[in-house]
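Here are my notes for you, as numbered points. Have the model open beside them while you read.

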Amino acid sequence: MASQRNAPAHRAAYLELIGPIPSGLELDHLCRNRACWNPWHIDPVTHAVNVQRGLAAAGLRARAALVTRCPVGHSYEGANDRRRKDGKRYCHACAVERDRRKREEVGAGIPNAMKTHCPQGHAYDRANTYINPSGQRTCRTCRKAQLQAHRARKARAQL
């Protein structure tokens with residue numbers, strides 16, 4: 001390996017897999033993840049370009065931080081401002097409302113109410129529809145076939 005012993009991982013990977021870093025250029029992470037060492041996510045650029053790209057990403061974050069209301073109009077303040085695991089912001093009040101509507105649909109016993117047939121083509125009629133304990137609608141014909149297949153697998157396993 002032609003790199004220094006204590007070189008950062010992204011520099012070492014670039015030197016090993018792509019080649020030498022051109023004189024006067026530095027490596028810019030295109031994925032904006034400074035911990036990434038994938039040489040295909042790295043672009044040799046001038047210092048000025050590297051700084052501009054960093055500021056552009058910071059500008060996007062700054063612009064997102066300036067948004068004070070969700071698309072419906074709820075304020076992003078206090079307990080209403082929530083973050084997903086990926087860091088994206090969402091409105092807690094909208095999430096509560098969405099979950100309430102979902103529970104009402106399930107509680108009424110008609111989830112996926114627009115569907116008239118199961119994925120295998122059996123009709124969702126009164127005799128062929130089973131509502132499981134969690135409130136989901138399933139096809140009795142398919143459920144019966146699944147149970148028979150399960151019992152057959154279990155019997156074969158005991159032999």
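1. Burial first: of the 159 residues of the protein chain, 21% count as buried. Buried here means under 20% relative accessible area, exposed means over 50%, and partly exposed lies in between, with a 1.4 Å probe and protein chains only. Please keep in mind that this is a predicted model, where local features need pLDDT of at least 70, side-chain atom pairs count only at pLDDT 80 or more, and totals for chains, interfaces and linings use all residues. Numbering runs from 1 along each chain as its sequence is written, and side-chain values use heavy atoms, with hydrogens and water left out.

2. On the overall fold, the protein chain has four helices and six strands. Helices (H or I, at least four residues) and strands (E, at least two) are DSSP runs, numbered from the N terminus. Along the sequence, the elements come in the order α-β-β-α-β-β-α-β-β-α.

3. Now the salt bridges, of which a search of the whole structure finds two. The criterion is a side-chain nitrogen of Lys or Arg within 4 Å of a carboxyl oxygen of Asp or Glu. One of them joins the side chains of R100 and E97, at 2.3 Å from N to O. Both R100 and E97 sit in helix α3 (residues 92–107), three residues apart, which is about one turn of the helix. R100 is partly exposed, with a relative accessible area of 31%, and E97 is also partly exposed at 31%. The side chains of D81 and R89 form a salt bridge too, at 3.8 Å from N to O. D81 counts as partly exposed, with 27% relative accessibility.

4. Which residues gather in a patch of positive charge on the surface? They are R84, K88, R98 and K102. Patches are made of residues with over 30% relative accessible area and no salt bridge; like charges are joined within 9 Å, and nonpolar side chains (Val, Leu, Ile, Met, Phe, Trp, Tyr) within 5 Å. Lys and Arg count as positive and Asp and Glu as negative, while His and the chain ends are not counted. Each charge is placed at NZ of Lys, CZ of Arg, CG of Asp or CD of Glu. Within this patch, R84 belongs to the loop between β3 (81–83) and β4 (89–91), and R84 is partly exposed at 46% relative accessible area.

5. There is a nonpolar surface patch as well, made by L17, I18 and W40, with an area of about 350 Å². Accessible areas come from the Shrake-Rupley method with a 1.4 Å probe, and for residues only the protein chains shown count as cover. L17 is in helix α1 (residues 9–17), and L17 is exposed because its relative accessible area is 51%.

6. How many disulfides are there? The count is zero, taking a disulfide as a pair of cysteine sulfur atoms within 2.5 Å. C94 is in no disulfide, as the nearest cysteine sulfur, that of C91, is 3.6 Å away. Why is C118 not bonded to C142? The sulfur of C142 is the closest cysteine sulfur to that of C118, but the two are 3.7 Å apart, so they are too far for a bond. C118 is buried, with a relative accessible area of 6%.

7. Finally, some pairs that are separated along the chain. The C-alpha atoms of A79 and H92 are 7.4 Å apart, with their positions 13 residues apart along the chain as the separation. A79 lies in the loop between α2 and β3 and is exposed at 57% relative accessible area. For Y124 and R140, 16 residues apart along the chain, the C-alpha distance is 8.9 Å. Y124 sits in the loop between α3 and β5 (129–131), and Y124 counts as buried because its relative accessibility is 19%. V51 and D28 are 23 residues apart along the chain, with their C-alpha atoms separated by 9.1 Å. V51 is in helix α2 (residues 47–66) and is partly exposed, with a relative accessible area of 36%.
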